[in-house]
Amino acid sequence: MTQTALDTAMAPTINRRGRAAVGPVLGLLAVLAGWEIAARVLTDAFVLAAPSEVLHYLVANWQLMTRALGVTLGNAAAGFVIGNLAAIWLAGIALVWPRSEGVITGLALLVFCLPLVATGPILRVLFGPGPGPQITLAAFAVYYTTLIPLLIGLRAAPESWFDLVRSYGRGRISTLVHVRSMAALPYLFAGLQIAAPAAFLGAMVGEFTGAERGMGVLTIRAIRALDVEMTWGLATVATAVSVLVYLAIGTLARRVLLDDPPVILATPAPTGRRYQDGWIDICLVLFLALGSWAGSIWLFDLNPFFAKGPQDVFDALFLATDAAATRGTIGMALMESAIFLIPGYFAGLVTGALLAMLLTLVPAIVGTAMPLAIALRSVPIVTTAPLVVLLIGRGALGTIVLVAIMVFFPTFVACLQGLRQAPAQVMSVFDSYAAGPLTCLLRVRIPAMLPAFFAAARMAVPASVLAVTVVEWLATGSGIGSLMALSASLSDYDVLWASVVLVAALSAFGYGLVGAVERRVLAIYAPEQLA
Amino acid sequence: MARDLTPPPEVLCADLSKTFAGGTRAVQPIDLTFQAGQTTALVGPSGCGKSTLLRMVAGLESPSAGTVRIAGAPPLATRRQAGLSMAFQDPALLPWRSVRGNINLALKLARRRAEPSEIDQLISLVGLDGFADTRPAELSGGMRQRAAIARALATHPGLLLLDEPFGAVDELTRQQLSQDLPRIWEARGTTTILVTHSVSEAVLLSDRVIVLSPRPAEIVDDIAIDLPRPRTRDAARSDHVIALTDRVFAALSKGMADGAAFLAAQ
Amino acid sequence: MGPTLNRRSLLGAGTAALGAGAFGLATGRPALAQTTVSLQLSWLHSTQFAGSYIALDRGWWSENGLEVSLLPGGPNAPVEPPVVSGTALVGISAADYTAAAINQGAPFKIIGVAMQKNPFVIASLPDNPVNEPADLVGKRIGMALANTPVLEALCTLNGVDIDGIEIVPTQYSAQPLLAGEVDCLLCWETDLPVSMAMQGVESLTMLMADHGYAVHSQTYIATDDSLANRRDELVTLMSGEARGWEAYRGDTDAAARLTLEMHPDAGLDLETQMLQAARQVPLMFSGLTDANGFGWWTDETVAANIETLGLLGQTVTPDLWDRSILEEVHGT
């Protein structure tokens, strides 16, 4: 079937120790050297600690770090398990009852798009003290990236396999047990791999809502105390753990699976859908979302002081005497965020795709670039965002760079994967005309890459919203991220809930928009993806 | 062999036709009876609808009109009793299971048991000695089709449906299989329906050849193959076989010509 | 709330009953007649709340039948909602946040004021000092944009033209000052100046409270409902707080050490905490508290608060402050 770019990059390291392992090691050494030099140069700026200083800090404080890591890792693991089980369960429902798939994915997307900045305090109120919000946010961060590949995986089998089961008079359950579950495994692993760093980030942000201990607690402390060694020490540990879990899941996948996990997260094409089903689904999703929103406020008997229902938000936005002002405030904040988000989003997409193409042309540097890319992606944005902004500046650039980093990695990996999907026979035809690598790239590989690219572009929409809101909240103090944090502290819950609704809706809309562009482009270059 | 054998059923197609959702007519109304214990070959040009007919017999495709009765019951009932096995054009081997694993899966799905030695025999019969524990990805296309045939036989079905089972099998192995397989279904008395576009294969393997026209499939000729069994390679060169083969060819050509005329008349 | 059955309290009561039953079974004896309440802190554990740790550590609550759990806050932690919803009996807020919450319909009263003086300062470096509000003119000040009303209020109170000050939006960090990007910072007396001191940078701080910016900080808030129906618990809680903070004042170093001891996982540095603990004292204690006890206020300080809050855009009345609990605590 498929082979992940990562695994291809790592495979030589595993299969032929020695010569081939040089690439990643070189990459790591280069990073460390560059980091050390940068830190020495910037020593008076209080933004960067050198690797030697970080190491010194970690050695001196290893017990504190270990305890914090234990707590956060525990919560992240709980969220990881719950989120992924939820994804499996939802995929199961969609499978048993295919008509529900559009609604399930729509609701799942909407929940996935809820901004962490605002869901955190709401969850804290719901759960009270304890690890509830940490685990929930970790679960929120992972379930969607598992659900989507799983939905594809459960169908990723030729029709004849299902016929085989049917020819022995067996039904859906046998199909599920003997065919679908196994066919979906590679996709499940692909989702789990992406989920690991996300769960860690979710658990850390959860600690920002009031926790006794953990990596997130230490991060706040470190940033506030201007303790650069501690901040970078935390970032290093968090990154290392995320990378290790990522690699561990990859290794496990290689042991369990015949093929390596695929990276492509193409749109699942629900079976037997008609055009109007899409609109009915959107209406159903809205109806259910509003219903469960109002319903849970009623069920948990939440105080109207902070729990605003759909009616309250509608009033605040349209009927209240200050509705125009509220709309203006939120609209301005959204505009401010969009100015950072949109360039960062496209910069990340373009960089990811270009680097993937470069690596296809010059495969020798894959081994060096790949671990770097994974590390970049696994650095929890909450630890580094304030520092990156300090480093690059509070102007547009800092935020744009952070958004781009969040978008870059998934795009890069997906594109690398997509570039390798070029059909071998077509490549052979080009070879027979002695076409150069550039021609092959332009004529065959890039069109073959498009489905993966668009899948990444879609998933990058919520990721970039997460990035921009977190950066605004923790670092720049502008835009919608900051407005949500501010309105929470000023008890302006009308504005907070209205912002949450608008951010989630706009993210979901952006996701849909990319999906629409995707369908138009793929209709030309990859019609089989839309069947 | 006296285990849970379902007696070979008679298969009855009455007024059976299929029109696909897009309006494409695949099978014209057909009345056809497949005799119990006989091997019947369906021969026709590519894409004529013979696979569709076979799938309707298995109940994997629902007919637009007409009925299929296997030993008097609808196909679903036969499938539920694991009374039929089908070998597909695409071998449909699960890639995560070995050859033996795929055969065992069929037994499990059919709720049947089989001695490991019997499975070994089947694997050996299709020429896969030493590949029992190999996964499909490491087999050639022909080997995979043979594994699929072994799997189809493993459950001792009363009705065996073979959809171009030798498409990717090399010529030599194909000849070997053409001699070995009929022995099994003769011994078991299986009702076998074989879809093929190889005329000589049809003549050599079956008791009866039904020639279909280009899509939409219609019966052009129904030819009884009254050759003694077992049929050896030498027998295949006999005048009688040549005459039968010619007759099948003639029917095929006629079907094609009629089809062309039919199209021209449209 | 009306006469409708409160679903969550019903659920909660059920769970509590189950929990109590399990506890009884497990220990083989009935649980102590302790009432459990929570105090919602406004930030992560640190010496900022050391008085509470002392009260907890020395059993000044439990000896009066009150089991107090201290809920940590954080950058994304709600303070007012847990008090409204009843998760916490008392929360630590600030007059401006409390006023905002009340204007959004929260049924609160301020029942004690831990920080008599607002901790906001303008921090600067000695070679380019800001000693009084007039010095701000022509300076670049680093602050969160959200705090603009605070600066505006200070300027209004002191007749300084805010247009003469260049506001540079920064995150909450001393780095821009140290890097020379700004001339001064709007921050708290007890955090950024302390971390600068720990980095070996001596800074000057101009306490805004000394220039008319009167906003009670670290205020204890409770709902009207609790004030009406749970007075005993409130009195016990606040009396423990008062004792704890008096003890804190007696030995801030010991208080800092206790903070670290009780919260080894908070990543605190003892020296930093000692410095912070010492710097906090002048904000919390004054002639007023010496005369009347911890947490006290008068009509005059309330009037000053109402004026400053008005400049911040929050209109409140003296009703926001309810001294009856403190009066019981201090026996006046």
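Mentor: Let us begin with a term: buried area is the accessible area, found with a 1.4 Å probe, that two parts lose on being put together, summed over both. The model in front of us is predicted, and in it the area buried between chain A and chain C is about 4,500 Å².

Trainee: What makes up the area buried between chain A and chain C, in terms of atoms?

Mentor: Carbon and sulfur atoms give 56% of that area. As the loss is summed over both parts, the figure of about 4,500 Å² therefore belongs to chain A and chain C together.

Trainee: How many residues does each of these two chains bring to the contact?

Mentor: Chain A brings 49 residues and chain C likewise 49. A contact requires heavy atoms within 4.5 Å, so these are the residues that meet that limit across the boundary.

Trainee: Why is the pair A:R67 and C:D265 called a salt bridge?

Mentor: The closest N and O atoms of A:R67 and C:D265 are 2.3 Å apart, and the limit for a side-chain nitrogen of Lys or Arg and a carboxyl oxygen of Asp or Glu is 4 Å. The pair lies within that limit and is therefore called a salt bridge. The count between chain A and chain C is two salt bridges, and the same interface holds nine residue pairs in polar contact, with both residues at pLDDT 80 or more.

Trainee: Which helices of chain A each supply at least two residues of the side that touches chain C?

Mentor: They are α4 (62–96), α6 (116–127), α10 (215–224), α12 (275–299), α16 (381–392), α19 (437–476) and α20 (479–489). The helix that gives the most to this side is α6(A), with six residues. By class, the side of chain A that touches chain C divides into 33 nonpolar, seven polar and nine charged residues.

Trainee: Turning to chain B, how many residues from each chain enter its contact with chain A, and what area is buried there?

Mentor: The contact takes 17 residues from chain A and 26 from chain B, while the buried area is about 2,000 Å², with 64% of it given by carbon and sulfur atoms.

Trainee: What makes B:R55 and A:D163 a salt bridge?

Mentor: The N to O distance between their side chains is 2.6 Å, which is within the 4 Å that the term allows, and the pair is therefore counted. Between chain A and chain B the count is one salt bridge, and seven residue pairs are in polar contact, again with both residues at pLDDT 80 or more. On the side of chain A that touches chain B, α8 (159–167) and α9 (172–207) each supply at least two residues. The largest share of that side, seven residues, comes from α8(A), and the residues there are nine nonpolar, five polar and three charged.

Trainee: Why is B:T52 called buried?

Mentor: Its relative accessible area is 9%, and buried means under 20%, so B:T52 falls in that class. The residue lies in helix α1 (residues 50–58) of chain B and touches B:K18, B:F20, B:A26, B:V27 and B:E61, leaving aside residues up to four places away in sequence.

Trainee: How do you know that B:T39 is buried, and where does B:T39 lie?

Mentor: B:T39 has a relative accessible area of 1%, which is under the 20% cut-off, so B:T39 counts as buried. It lies in strand β3 (residues 39–43) of chain B, and its contacts beyond four places in sequence are with B:W185, B:T192, B:L205, B:S206, B:D207, B:R208 and B:R229.

Trainee: Why does A:D301 count as buried, although it is found in a loop?

Mentor: The loop between α12 and α13 (310–319) of chain A is indeed where A:D301 is found, but the class rests on accessible area alone: at 15%, A:D301 is under 20% and therefore buried.

Trainee: What do chain A and chain C look like as whole chains?

Mentor: Chain A has 21 helices and zero strands, whereas chain C comes to 14 helices and 10 strands. Of the 531 residues of chain A, 57% count as buried, and of the 332 residues of chain C, 55% do. Chain A exposes about 21,500 Å², with carbon and sulfur atoms supplying 72% of it, while chain C has an accessible surface of about 12,900 Å², of which 53% belongs to carbon and sulfur atoms.

How values were computed: Residues are numbered from 1 along each chain as its sequence is written. Chains are lettered from A and ligands numbered from 1 in the order in which they are written. This is a predicted model: local features need pLDDT of at least 70, side-chain atom pairs count only at pLDDT 80 or more; totals for chains, interfaces and linings use all residues. Side-chain values use heavy atoms; hydrogens and water are left out. A polar contact is a pair of N or O atoms within 3.5 Å; within protein, one must be able to donate a hydrogen and the other to accept it, and residues adjacent in sequence count only if both atoms are side-chain atoms. Helices (H or I, at least four residues) and strands (E, at least two) are DSSP runs, numbered from the N terminus. Ala, Val, Leu, Ile, Met, Phe, Trp, Tyr, Cys and Pro count as nonpolar, Asp, Glu, Lys and Arg as charged, and the others, Gly among them, as polar. Buried means under 20% relative accessible area, exposed over 50%, partly exposed in between (1.4 Å probe, protein chains only). Accessible areas come from the Shrake-Rupley method with a 1.4 Å probe; for residues, only the protein chains shown count as cover.
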